[in-house]
Amino acid sequence: MVDTSWRLQRITFYPLKSGAGVPIETVRLEAEGLAGDRRMMVVDETGNCLTARKAPRLMQIRTHVDGDDIILSAPGMLPLVFSRARLDVARNVSIWGDDVVALDAGEGVHQWLTRFLDRFCRMVIKGAVTHRPLAIGPGGTVSFADTAPLLLTNSASLAEINRYLDLEAEMERFRPNLVINGAPAFDEDGWRHVRIGDVEFEAIGACDRCVMITLDPATGAARSDHEPLAMLGRQRRGEDGKAYFGQFLVPRTLGRLHVGDKVEVLSRKPAITILPGNAQPVTRLPSTSANAGADARHGSHERLLRCVAVIDEANDFRTFRFVADHAVDYKPGQFITLLLDIDGETLRRNYTISSSPSRPHYLSVTVKRVDGGRVSNWLHDTLKVGDSIRSLGSNGRFHLAAVGTAGKLLLLSGGSGITPMMAMLRFIADTNLPLDVCFHHSARGIEDIAFLHELLSIRMQMGDRLKLSWNLTGSNAVVDANALAARFEGSKHGMQALVGRLDAAMMQAVCPDLAERAVLCCGPDGFRTGAREIYEGWKARPEFPFLEETFGPDRAAMPMPEIGNYKVSFLKAGKSVSGSGTVTLLELARKVGVELTSDCEAGICGSCRCKVVSGEWRVASNAADPERSVLSQGEKEEGYVLACSTSPIGDVCIEA
């Protein structure tokens with residue numbers, strides 16, 4: 001097939017494996033790939049290949065080749081120049097099980113790398129005696145690339161992936177050599193032979209992705225939402241459980257490539273089978289000045305927040321307003337992770353961003369003091385204007401865009417669950433979104449209602465498009481409800497103050513058209529459980545989803561109780577292992593030599609899926625997605641689990 005609109009959009013080569021890429025307009029093609037691509041590699045003290053999977057700062061190293069001179073540069077380091085013409089020491093090294101002979105770059109490079117990466121390492125360079133057979137495809141040799149001479153990706157395929165991501169991924173994360181445009185999304189999955197310009201290639205297979213694509217290509221910092229790997233695990237997973245994106249190429253002829261070259265598919269083959277996905281497209285909210293021009297990579301960066309205001313919102317509720325050292329790109333309702341240095345220990349806590357991205361000059365979190373809460377009490381008692389703290393994020397799938405096409409919303413909160421609701425309501429009002437909103441909050445009393453005056457102000461701004469209601473549960477609930485009613489006198493309509501806990505009758509009074517609304521619910525476990533039961537038992541079947549979020553310390557900060565004795569049997573391998581304590585199935589498989597594929601080791605990519613034939617288990621505390629959304633409902637019902645984030649209880653049999 002010939003389509004003159006298909007073109008080579010971008011060429012990138014990577015002189016150092018896992019190092020920074022170098023975009024170029026034209027390049028000579030060799031049998032082992034682009035000239036100069038991945039001809040250098042860093043190894044550890046045992047001679048094994050060291051990549052950004054274990055040393056993320058490798059991605060910050062830039063390599064420039066000038067004749068025989070090689071120049072290394074990195075943040076905070078003086079540039080280092082050495083000559084490959086003077087290298088004569090051969091070293092035996094290993095890359096993904098292949099033993100090869102390469103030239104050692106010398107002591108100066110060893111010291112420079114060891115200092116920057118803060119670990120013992122050396123650099124080796126491909127020499128005349130370096131020979132590494134190509135393990136797949138038509139034979140031949142390959143450089144220090146993972147699998148094949150070249151990797152090709154398609155800009156339309158990335159656009160399709162980004163439809164499902166809150167924070168869009170950059171093509172650089174996938175580290176391709178060639179990027180094409182004009183072709184339909186994932187058309188490359190079915191290519192057998194392709195011509196780019198005057199050069200012909202064989203497509204030898206889809207590229208399975210690992211945790212590398214969660215790393216910021218500029219800094220090596222990991223995205224705390226584990227994207228885009230988590231989404232690929234749900235949407236682009238093969239029958240083998242691996243997540244796929246891109247195609248490996250082997251040159252059939254040699255020549256020169258240029259940006260803008262025509263792309264022609266000469267023959268096709270059956271595409272790899274991709275399992276049905278369960279990801280949902282993301283609704284894009286209107287852009288604001290906060291988001292315009294924001295760098296998508298900032299979602300994974302550590303940033304510094306300087307406190308510029310501390311505001312008492314209600315009884316034991318306090319807002320901390322910050323300015324950030326660089327842009328924060330977030331959706332209303334998402335959370336940020338604070339990194340707090342308390343008593344010589346760095347603690348991580350997730351707090352919803354209570355401000356709105358429509359107000360770009362600051363970012364706020366609103367924190368309720370909790371009895372015995374180490375972090376909430378520290379923030380209330382210690383943090384003051386002028387202080388700075390570190391943070392990561394934003395992240396989270398609970399946000400305004402998650403409601404999709406719903407035109408009517410119920411924002412339902414209890415206690416400090418009001419914070420994401422305020423972020424959403426502020427955004428709706430500021431951007432004048434055409435939404436009808438019912439805002440209901442549960443609190444003990446009038447002194448416990450945060451943002452009360454602002455809610456009344458937004459009500460005046462939005463008019464009949466906003467209905468406000470509260471239910472009060474404290475000992476003075478009747479008095480407080482009367483006080484709220486008196487305060488409403490000037491506002492007249494659209495507000496109610498009720499006494500008692502939220503139940504179906506109360507919901508009928510404050511939101512009789514629940515079935516027509518998407519529900520966003522946040523609050524304590526009991527509150528959310530009760531609200532969900534009301535939703536599920538509603539007399540008319542609701543048309544839109546019930547979305548919920550909890551709050552408080554992040555899961556990783558809450559150790560789970562130890563598990564007692566276990567015995568795990570891997571049936572196909574004929575091996576078993578016994579012990580006590582909390583471990584994962586993946587750890588035990590490795591201990592007895594059972595090979596289970598695993599890329600992310602956080603329960604997000606799905607590559608380590610295995611079937612539990614019998615026995616009990618629980619999701620481990622390292623699971624980034626405790627709901628295991630990478631697995632389909634059918635797989636869960638059949639007994640499939642994710643070995644990297646599943647802990648055995650008692651006697652467990654695994655079909656592996």
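These legends go with close-up views of a predicted model. Because the coordinates are predicted, local features are described only where pLDDT is at least 70 and side-chain atom pairs count only at pLDDT 80 or more, while totals for chains, interfaces and linings use all residues. Residues are numbered from 1 along each chain as its sequence is written, and side-chain values use heavy atoms, with hydrogens and water left out.

**View 1. How confident is the predictor, and where does the pLDDT fall below 50?**
The score here is pLDDT, the predictor's confidence in each residue, from 0 to 100. Across the protein chain the mean is 89, and 94% of the residues reach 70 or more. Residues 289-300 are a weak spot: pLDDT is below 50 there, although the stretch has 27 contacts in the model beyond near neighbours in sequence. A contact means heavy atoms within 4.5 Å. Residues 551-558 also stay under 50, with 21 contacts beyond four places in sequence. Where pLDDT is low, the predicted coordinates should not be read in detail.

**View 2. The open sheet E7-E8-E9 has three strands with antiparallel pairing.**
Helices (H or I, at least four residues) and strands (E, at least two) are DSSP runs, numbered from the N terminus, and two strands pair if DSSP finds at least two bridges between them. The edges belong to E7 (62-66) and E9 (80-83), each with a single partner strand, so one side of each has no neighbour in the sheet. From one strand to the next, the twist averages 20°. Helix H1 (residues 107-117) packs on this sheet, touching E8 and E9, and its direction makes about 150° with that of E9. For these angles, axes are lines fitted to C-alpha atoms, for helices over the stretch in contact, and angles run from 0 to 180 degrees between N-to-C directions.

**View 3. A look at the pairing of E8 with E7 and E9.**
E7 and E8 run antiparallel and are joined by five bridges; E8 (residues 69-73) and E9 pair in the antiparallel sense over four. Ile71 in E8 is the bridge partner of His64, and Ile71 also stands opposite Val81 in E9. The hairpin of E7 and E8 has two residues between the strands, and Gly67 takes a positive phi near 65° there.

**View 4. Helix H9 has a buried side and an exposed face.**
With 12 residues (525-536) at 1.5 Å a residue, H9 should span 16 Å, and its end C-alpha atoms are indeed 16 Å apart. That expected span is 1.5 Å times one less than the number of residues. Phe527, Arg528, Ala531, Ile534 and Tyr535 are buried. These residues cover an arc of only 120° around the axis, which puts them on the same side of H9; the arc is that of the directions from the helix axis to the C-beta atoms. Buried means under 20% relative accessible area, exposed over 50%, and partly exposed in between (1.4 Å probe, protein chains only). The buried residues pack against elements including helix H8 (504-510) and strand E30 (518-522). Turned away from them is the face with exposed Asp525, Gly526, Glu533 and Glu536.

**View 5. Ser18 and Ser355 are two buried loop serines.**
Ser18 is in the loop between E1 (2-13) and E2 (22-24), and counts as buried at 5% relative accessibility. Its contacts, leaving out residues up to four places away in sequence, include Thr51, Leu58 and Arg175. Ser355 lies in the loop between E23 (345-352) and E24 (363-368), with a relative accessible area of 2%. Tyr330, Tyr362 and Arg426 are among the residues that Ser355 touches.
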